[in-house]
Amino acid sequence: MRKILIVGAGQAGLQLALGVQSKGYEVTLMSNRTPAEIRNGRVMSTQCMFHTALQHERDLGINSWEDQAPRIEGLGVSVTAPDGSRPIDWVGHLDAYAQSVDQRVKMAGWMETFAARGGRLVIHGVAVSDLDYLSRTYDLVLVAAGKGELVSMFGRDDSRSPYDSPQRALAVSYVHGLAPRPEHPDLHAVRLNLVPGAGELITIPALTTSGPCDILFWEGLPGGPMDVFDGVKEPAEILRTTLDLIRRYLPWEYDRARDVELTDAGSTLTGRFAPVVRNPVGELPSGGLVLGVADVVVANDPITGQGSNSAAKCAASYLDSITEHGDKLFDREWMQSTFDRYWDDAQHVTKWTNALLGPPPEHVLGLIGAAGQIPAVANRFANGFDDPADFEQYFFEPARTAAYLAKAASAQS
């Protein structure tokens, strides 16, 4: 039986561990925290998983919270004007629902499932020296821990990494008590509220440790008026600052957020990081090789909500590459080709996400505005969050955008 070591117990690491386990491999999973420590700790992310990513979980039988999490059926975009009005405000409908499950809930549960199915779960932090020793007893070592010393083994790919500094300052609050949008009171939807030149507020219906909730997620341009969370540590102060910004810039969202309360003591998170693509193969001091997984090698800004989706797609792609390889050696060539197979999909996410981090060009502003008049455009834009490759057809090039909008307008008339 082939032996695989996976370091890191996030979406990708755990999904991959459960996947290769189901195929009969002997799997060891290493995490620096126990399930209880994760479940009772601080939130780790925002997330909204769309149909393709959710289906990967269903295929493995690990969609344990599907009946409990809100079914997100739409994705809306609002743009604020200096006077607090909304010149653009629309919602597109998803072809299949999305869902958001607090990673504290999911990762703790998946770790327990992995152990219950006979997997070897090791609770221990891992340094490069540890991995150098451990790797000699495994056929394949995968690194799915996107922070810490291990990431240093994977060099930056400058050709695919246009940014060398954070492009947004991030602040997250999980809350109870967010009222529905009055124009769509029965629709669970992700809402992207754009404040030109300052940042974005994203709201996401979710499931957390205490039941259904909503996520309030600020993305502020560094140095701008929303970059105010550095040094703000107390959860209550993070929420208070979040609400102050909403009241100032997004009065329609403040109307439904004014009475929210934090879900628990660990329900806030702040920080920032630079988007980056890294080389997928890491070399250990002894010469052994390890393969990076998901955001170890492709870390995008969360503005497009693709982190957990990309992690799920990476784990599914790697699982196929592993099982198709049979008993052959997991050498450098195989590792590179395994990443390249994933990059065929991931490149579209990176291109689209990086494009949204900059000032929108005129043709994109026109596209977003047209979506408010043509429902088919709004729906297509919303469903691009499940399949970002579709944006290649009409988003990036002005001529393609114009041709698409003309065709969409003609079809509506």
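A residue counts as buried when its relative accessible area is under 20%. Keep that cut-off in mind during this tour of a predicted model.

**Stop 1: A294**

Select A294, in the loop between strand 15 (289-292) and strand 16 (298-299). Its relative accessible area is 5%, so A294 is buried. Now check the backbone. Most residues other than glycine have a negative phi. A294 is not a glycine, yet its phi is positive, at about 55 degrees.

**Stop 2: T46 and D230, two loop residues**

Go next to T46, which sits in the loop between helix 2 (35-39) and helix 3 (51-60). Is T46 buried or exposed? Its relative accessibility is 18%, and T46 therefore counts as buried. To see what surrounds T46, show V172, Y174, I204, I215 and F217; T46 is in contact with these residues, leaving aside neighbours within four places in sequence.

For a contrast, select D230 in the loop between strand 10 (211-220) and helix 6 (235-249). D230 counts as exposed because its relative accessibility is 59%. Add A171 to the selection: it is 59 residues away from D230 along the chain, and the C-alpha atoms of the two are separated by 9.6 Å.

**Stop 3: helix 12**

Select residues 398-412, which form helix 12. At 1.5 Å a residue, its 15 residues should span 21 Å, and the end C-alpha atoms are 21 Å apart, so the expected span and the model agree.

Which residues of helix 12 are buried? They are T401, Y404, L405 and A408. These buried residues cover an arc of only 100 degrees around the axis, which means that they lie on the same side of helix 12. Turn the view to the other side of helix 12 to find A399, K407 and S410, which are exposed. Then display helix 10 (362-371) and helix 11 (375-383), against which the buried residues of helix 12 pack.

**Stop 4: the nonpolar cores**

The largest nonpolar core has 62 residues. Within this core, L131, L142, Y318 and I322 touch the most other members. Centre the view on L131. Not counting residues up to four places away in sequence, L131 touches L5, V7, V126, V141, V143, L150, M153, L284 and V290. Another core, of 41 residues, lies apart from the largest one. Among its members are I88, L170, F395 and L405; L405 was also among the buried residues of helix 12.

**Stop 5: the second largest pocket**

Select L194, E200, L356, G358 and P360. Of the 31 residues that line the second largest pocket, these lie nearest its centre. The pocket holds about 590 Å³ of space. Colour the elements that give two or more residues to its lining: strand 3 (72-79), strand 8 (189-195), strand 9 (199-208), helix 9 (332-357) and helix 10. Which element gives the most to this lining? Helix 10 does, with four residues. Helix 10 has appeared before, as one of the helices against which the buried residues of helix 12 pack.

**Stop 6: the largest cavity**

The model has two cavities of 30 Å³ or more. To find the largest cavity, select its lining: M49, L54, E57, N63, W65, E66, Q99, S100, V101 and K106. Its volume is about 90 Å³.

Notes:
Residues numbered from 1 in each chain as written. Predicted model: local features only at pLDDT ≥ 70, side-chain atom pairs only at ≥ 80, totals over all residues. Heavy atoms only, no water. Expected span 1.5 Å × (residues − 1). Buried < 20%, exposed > 50% of the residue type's maximum accessible area, 1.4 Å probe, protein only. Arc of directions from axis to C-beta. Contact = heavy atoms within 4.5 Å. Core = buried A, V, L, I, M, F, W, Y, C linked by side-chain atoms within 4.5 Å. 1 Å grid on protein atoms, 1.4 Å probe; cavity = no way out; pocket = protein on both sides within 12 Å on 5 of 7 lines; lining within 4 Å. Points joined across faces, edges and corners; volume = space filled by probe spheres on them.
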